[in-house]
Amino acid sequence: MSWALFHRAARARQFWLATASGAALAACPVLAQTNDESARPTQVTDQPDLQTPDTSPVTPDAPEVTGEEQIGFAADNLNYDSDTEVVIAEGNVQMNREAIEMRADKVTWNRQTGKVFAEGNVTIKNPEGDTAYGDKIELTDSLRDGVVENLLVVLDNGSRLAAIRGTRFDNGNIELENAAYTPCPVEDDAGCPRNPSWQVRAVRVLYDRAKNKVRYKGARIEIFGLPLIPLPGLSHSINNEASSGILVPEIRLDRSNGFEIAVPYYLRLAPDRDMTITPHLYTSAAPMIEGEFRALTDIGSFRINGYATYGSLVPLTGEDPDSQKRFRGYLESAGKFQFDPRWSLSYSGRIATDRTFMRRYDISRDDRLRSTFELERIGGNSYLSIAGWATQTLRVNDVQGQQAVALPVIDYRQRFADPLLGGQFELQLNTLAIGRTAGQDTQRAFAGARWDLRGLTALGQEVTLTALVRGDVYHSDENLLTAIPGYRGKSGWEARAIAAVAADMRWPFIGEFAGGTQTLTPRVQIVATPPIKNLDIPNEDSRAFDLEDSNLFAINRFNGHDRFEDGARVTYGVEWNYSRPGFNINSIVGQSYRLSDKPALFPDGTGLTDRTSDIVGRTTIAYRDFLRLTHRFRLDKDNLAVRRNEFDATIGSRSTYAVLGYSRLNRDILLLGEDLQDREEVRAGGRVAFAKHWSVFGSAIVDLTQRSDDPLSNADGFEPIRHRLGVAYDDECLSIALTWRRDYADTGDARRGNSFSFRIAFRNLGF
């Protein structure tokens, strides 16, 4: 029988093994690796094999596909018995059609019975890159259903499914017997077989073609070869799209709530929106429900997350043993929408029913919840922001009525070039309205203009000239409700004018040093401002000031608009930078001197009280990705005592690292007339990889503040705040972590004590 006759006979019978079996098998999730043939069993056993058989490429002389019905067929030997109408192809049999390829050692087709058999190292690959392996494939006369022995299917994404026997039905559904599924590698780095980190074994696996979903019967998860977790009713999608189902549970144990188990259920509502509902069950607290909704729209996205329970609430003060039962909860939402390339809207909202709910249920450690919105327009040389914000305090001693609500906050800026001198102008318009239910109300509006001109001299000096003018109008009432007198201002209407000029000169010197390049840059700045009515104006946004390297050379060293530094001053300093491949050191130190003897506007202990300021500086050292160290300091101008000392360091690689931090603020004052209090604190954290995929991690925060630093504090100089310690396993498809944490502070029903949490996550599997 000639090749052409065989092709015609095959088309007459619609003979296409690759189409039938490939479509039947490529729908199941599995993982591709190449392994020695000896690692694969040659007979049916009671356990499926996830190892990939040896499929060394062959290059048969296959004819070219020339039409939709054309079949490419090649083999070492071809026999046709016209009496029995049996076609037998042997040796490197290869069939191709429409980018689907099948290979086998032997193919037998009985034209009388309509049975088709492919035997020996059967491999079928579809256009999506998925590959199916089997010892034997048997198809019926319809060529739509059939049976595969010792099945292994490998998807392009690396997941794999193995079964002792697989059956494909006429409707496209597939049933697998004694099957195993894993997305994990089954070979080590040397190419040797290894057990996957986890796999799902099941008595039976059903693939629903219409729903594109796999369902398991008698399933259990094996972790490191140990059958640990039974999974009744397990199902999941076979592609990368999310599908509804139960996610991995979360387990915790702490003093406040006892033993906790949370079982999230993921609900896919549409391709662009979903919901997760999580019941939280406790042994020492009432149950809680958590829900999260996410949506993606044509112009942006948003999410809503909330918690709700009906349980006891321990008062913040007192020892009342009769806890009141009430509704408790927390709600947050955030989103952003881009209307066009210039206009956008973003928002974030957070609110809790009481001050200890979030701490008790370990949702967040924040002590304030801020809600904001902002409408922005960003042009080529203009910017407009219309915003608002409100704050809910969770601090024990704060009065909620004293918390500000800002609505609206409008800021507009426009830049345009200076046609005369070549500089740049910036126009700014700003308005703010702040209200409080039991405190001072303030409204502000100002208009200002700023001109900057930057140039280089013939000697390489960088000179920047700046001039600005601004006019402010304020209105305030109930000023006496503000506790700190320096923040109140005068009631009623107040106006002020601001003007300032500045000249800033930097002179970099560059040269070689110690195999690298160093740059030494002296810097001098002169700023002059006429007297300004500062104390008559309420101070809402210029509080908690401290002199540091980031604001040393600022024209207005306050961090807001309500205070503006007046008088004349000269600021001087030097910056040094050294760099070589993989290594860099940057350091800056400076000081300022006021030319007038007018009493300072800044509070005591901020570093700017006298005419000569304290000395401030910063040093940053970086070595590749292994080390980054930053040190900031402020030294007393009179005796060089350390008034501010901050140290932050990150050392190590991604797997083993340490994070260290130390902060010390010592203003040397008895009474504090503003918000920034003295404090000393040390922070430490890190992770150590002690074996492949295994690591230990931990962190700690210790309050070193003494009572002499803060008279209102009960600190004793060494007060742990929180620490944690844990062990984790993390590889390509499995993450496990066990964490112990201890809190040392009580706040209402958020009790100090130990808590334990267990987390496990499987790649490609919610649960």
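# Rings, charges and a nonpolar patch

With a relative accessibility of 41%, F224 counts as partly exposed. That residue is a good place to start a tour of this predicted model. The structure holds 18 aromatic pairs, and F224 belongs to one of them, together with Y729. Their ring centres are 5.0 Å apart and the planes stand at 90 degrees, an edge-to-face arrangement. F224 sits in the loop between β12 (220–223) and β13 (226–230), while Y729 belongs to strand β41 (residues 719–730), so this pair ties together parts that are 505 residues apart in sequence. Y729 counts as buried because its relative accessible area is 7%, under the 20% limit.

## A stacked pair for contrast

How are the rings of F558 and F602 arranged? Their centres are 4.4 Å apart and their planes meet at 10 degrees, so this pair is stacked. F558 lies in the loop between β32 (516–529) and β33 (567–580), and F602 in the loop between β34 (583–594) and β35 (615–623); the pair therefore ties together parts that are 44 residues apart in sequence. Both partners are out of the way of solvent-sized probes by the usual count: F558 is buried at 8% relative accessibility, and F602 is buried at 7%.

Aromatic residues also gather in a larger group, since F513, W576, Y578, F583 and Y623 form one aromatic cluster. Two arginines are placed over phenylalanine rings as well. R470 lies over the face of F446, at 4.4 Å from the ring centre, and R523 lies over the face of F553, at 4.1 Å from the ring centre.

## The chain as a whole

It helps to set these details against the overall picture. The protein chain has 3 helices and 43 strands. It has 767 residues, and 42% of them count as buried. Looking at contacts between residues at least 6 apart in sequence, 50% join residues at least 24 apart. The accessible surface of the chain comes to about 38500 Å², and 55% of that belongs to carbon and sulfur atoms.

## A nonpolar patch on the surface

Which residues make the nonpolar surface patch of about 480 Å²? They are I251, L253, F259, L738, F756 and F758. Two strands, β16 (250–254) and β43 (753–762), each supply at least two residues of the patch. F758 lies in strand β43, and with 32% relative accessibility this phenylalanine counts as partly exposed.

## Charged pairs, with D274 in focus

The structure holds 49 salt bridges. One charged residue deserves a closer look: D274, which lies in strand β19 (residues 273–282). Is D274 buried or exposed? At 9% relative accessibility, D274 counts as buried. Leaving aside residues up to four places away in sequence, D274 touches Y266, L267, R268, L269, E292, F293 and R294. R303 is 29 residues from D274 in sequence, and their C-alpha atoms are 9.7 Å apart in space.

Among the residues touched by D274 is R294, and the side chains of these two meet in a salt bridge with an N to O distance of 2.8 Å. D274 is in strand β19 and R294 in strand β20 (residues 288–296), so the salt bridge ties together parts that are 20 residues apart in sequence. The partners differ in burial class: D274 is buried, whereas R294 is partly exposed at 41% relative accessibility.

Here is that pair beside two other salt bridges, with the relative accessibility of each partner.

| Salt bridge | N to O distance | Acidic partner | Arginine partner |
|---|---|---|---|
| D274 and R294 | 2.8 Å | D274, 9%, buried | R294, 41%, partly exposed |
| D272 and R273 | 3.4 Å | D272, 33%, partly exposed | R273, 33%, partly exposed |
| D452 and R450 | 3.0 Å | D452, 24%, partly exposed | R450, 33%, partly exposed |

Beyond such pairs, salt bridges that share partners join R252, D254, E260, D362, R365, R722, R741 and D743 into one network.

Note on methods:
Residues are numbered from 1 along each chain as its sequence is written. This is a predicted model: local features need pLDDT of at least 70, side-chain atom pairs count only at pLDDT 80 or more; totals for chains, interfaces and linings use all residues. Side-chain values use heavy atoms; hydrogens and water are left out. Patches are made of residues with over 30% relative accessible area and no salt bridge: like charges are joined within 9 Å, nonpolar side chains (Val, Leu, Ile, Met, Phe, Trp, Tyr) within 5 Å. Accessible areas come from the Shrake-Rupley method with a 1.4 Å probe; for residues, only the protein chains shown count as cover. A salt bridge is a side-chain nitrogen of Lys or Arg within 4 Å of a carboxyl oxygen of Asp or Glu. Helices (H or I, at least four residues) and strands (E, at least two) are DSSP runs, numbered from the N terminus. Buried means under 20% relative accessible area, exposed over 50%, partly exposed in between (1.4 Å probe, protein chains only). Rings of Phe, Tyr and Trp (its six-membered ring) pair if their centres lie within 6.5 Å; planes under 30 degrees apart count as stacked, over 60 as edge-to-face and the rest as tilted. A charge sits over a ring if NZ of Lys or CZ of Arg is within 6 Å of the ring centre and within 35 degrees of the ring normal. Contact means heavy atoms within 4.5 Å.
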